[in-house]
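Open the model in your viewer and keep the selection panel handy. We will go from one stop to the next, and at each one you will hear what to pick and what is there.

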Amino acid sequence: MSKNSRFPISLLSLAMLAASAFADSVTLKTGERIEGTIASETPAEITLNIQISAGIIDQRTVKTADVAKVDRVAPDETAYRLIMKLQPGKSSLQPGQYDALLSTLEAFNTQYPASSHAGEVHAALLAFQAEKKRVDAGEVKLDGLWLSPAEVQKQRVQIGGALAFNAMKTANSAGDPIGALNAFATIEKNFPGAKVMPDAIELARQILTALKPGTERAVQTEKIKNIEREKGFADASPQDRIELTAAFARDQAKADAALAAATAANLWPPFATTSEKCLTAILAKIQSEGPRLNALSVAPMRESLKLAEKAQTEFTNKNFASATETLKEVARLWPANEIGIRLQAQITDAKNPPKPDPKVSPAPTAAVPPATAPATPAPVPATATPAPVVPAPPAAATPAPAPAPAAASAVPDDDETPKPAAPEPPRPFFRTLGGAITIVIALAVLLGVMNIVNKIRARSKETEE
C-alpha cells in the first residue's frame, strides 16, 4: 500500500465536531439559554456558532442589550476540548496524517504549559509518536493488530479498504456526512474489491437518506438569512455596510474555492451553511449518487465473499481443481472480488512452480569440507587403497571466496588422486608489456631516422641544382 495514499478526512475536524457539546453559553434576559461557540463579539452584538443537527452548524446573533449573562470557557479548556478525542485508535492512520496531529498536540503544550491537561496531551503525543514510528517502518495497525510490512504488501487492498471504511464510520458518527461520503469515494476508487464494500455501500445509502432533508433545510435557512442580511446591509451605516459586504464576500470566495477544489478532486462539495452554491451542489450530487448506489446489488457481493472463503479452504487442502471451480462462481457473482483474484493467482503459482534456470549450476556440495576440519590438512589414514597426500596450497591457510559453479568440475572423485594444475605456458614477447613498449620505441626511432635521411637527400638535390 502506497504510503502517499490519503483519506479525505481530518481527525482534527472530527475532534472539533465532537467538542461542540462543550460550548460557551449566552443567557438572555428572557431566560433563554443559547449554547455554542462565540464566533465574534462587538459592543452591540454577539455571534455564536451552533450545531443544530448532524453535520449542520448554524450561526445566531443576539444584541448585547438583550443578554443577561455570558458564560465563557477558559482558553486552555476550549483548546483541550477540541483535541481531547485525539487518541490512537484501533487502526493506524496514513503516514501523512500523523504530522498534523503531532503539530496540534505540541502546539497545545507550547501555548498552555501550565494547563491541567498538559500531562494528558503529552501522553497522547508520545503514543502517536510511537505509532508513527511503526507506520513509517511499513507496519499497519488494523483493529488493534499490528501487521508486518510483508503482510501489509500482501493484504494491501483489504487493509486499505478496512482503514477507509473505519474512517467513513468515524466521520459519520461525528456528524460529518460529507467526510464519510468522501471516505466511501476513496474505497470505490482505490479499493473496489475490498470485502468491506457491501457494508460501505449500505452505509453510504443511509448517509444520503439523512443528508438530503438536512441539506434542504439548510438551503431554506440560508435563503431566509440572506434576506435578513440584505436588510441589515441596507440599514447599516455606509462604513459598516462596506465592512459587512467585504466580510460576506470573503466568506463566499472561500466557500467557492473549497467547492472548486472538491469538484476538481471528484469529492463531495463542502457543507458550508452560508453558501447556497455549496448546498445546491450537494443536493445535485445526491440526485445523481442516490440512484447509482441503489442500483448496486450487495447480495451477490456477500455471496461471492462466502464462496471465496470456501475456495480458500479448498486451496489450503490442496484441492486445486475444486478451488478453481469455486472461484469461477466467485468471479461471476462479483468480478472485482480481490480475495478471489488473489487466490486464483496463488493456485496458478502452485500448479505451475517456477522452473530452475538451466544456465545456473547448483553449488557444489559433495566436496564441502566438514565444519570441524583443521586449518591445515592432517595425513590421510591408511585404507585398502591408500592415496598419496597432496599438501594444500599456501593460500588455503586463509579464508578464500567461494568457488564459482564452474569450479565443481575440478573437484576430484573419491578414487582419483588430485593432480597439480599444469603450468601456464609463457606468453610471446610481443604480448608482454615490456615487449609492446620495446616495439613502439623501435618504430618511433625508425621513423625518426627515415625522416632525417629524407631531409639530407632533399638538401643534396637543392645543392646540385
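**First stop: strand β1**

Select D24, V26 and L28, then S25 and T27: the first three sit on one side of β1, the other two on the opposite side, and all of them are buried, leaving both faces covered. In a regular strand, side chains alternate between the two faces of the sheet. For the whole strand, residues 24-28, five of five residues are buried. Bear in mind as you look that this is a predicted model.

**The neighbours of β1**

Now add strand β2, residues 33-41, which runs antiparallel to β1 and is joined to it by four bridges. Which residue of β2 is the bridge partner of V26? Pick I34 and you have found the partner. Between the two strands of this hairpin are four residues, and G31 has a positive phi near 100°.

Next, select residues 67-71, which form strand β5; this strand also pairs with β1 in the antiparallel sense, over four bridges. Label L28 here and look across to V67, its bridge partner in β5.

**Into the nonpolar cores**

In soluble globular proteins, nonpolar side chains tend to be buried together. Show side chains for M168, F184, L211 and W268: within the largest nonpolar core, which has 34 residues, these touch the most other members. To see where the core comes from, colour α6 (156-173), α7 (177-190), α8 (197-235), α10 (276-295) and α11, each of which supplies at least two residues. The top contributor is α8, with 10 residues.

Centre the view on W268. What does W268 touch, leaving aside residues up to four places away in sequence? The list includes I178, L181, L208, L211, A262, I282 and I286, and also N182, K285 and E289.

Another core lies apart from the largest one; it has 16 residues, and you can find it by selecting L101, F108, V121 and L125, which are among them.

**Last stop: colour by confidence**

Switch the colouring to pLDDT. The chain averages 79, and 71% of its residues score at least 70. Where is confidence lowest, and where is it highest? Helix α1, residues 11-18, has the lowest mean, 46, while helix α11, residues 298-316, has the highest, 96.

Two stretches are worth selecting by number. Over residues 1-21 pLDDT stays under 50, and the model has 59 contacts for them beyond four places in sequence. Residues 366-423 are also below 50, with 11 contacts in the model beyond near neighbours in sequence.

Notes. Residues numbered from 1 in each chain as written. Predicted model: local features only at pLDDT ≥ 70, side-chain atom pairs only at ≥ 80, totals over all residues. Heavy atoms only, no water. pLDDT = per-residue confidence, 0-100. Contact = heavy atoms within 4.5 Å. Buried < 20%, exposed > 50% of the residue type's maximum accessible area, 1.4 Å probe, protein only. Pairing = 2+ DSSP bridges. Core = buried A, V, L, I, M, F, W, Y, C linked by side-chain atoms within 4.5 Å.
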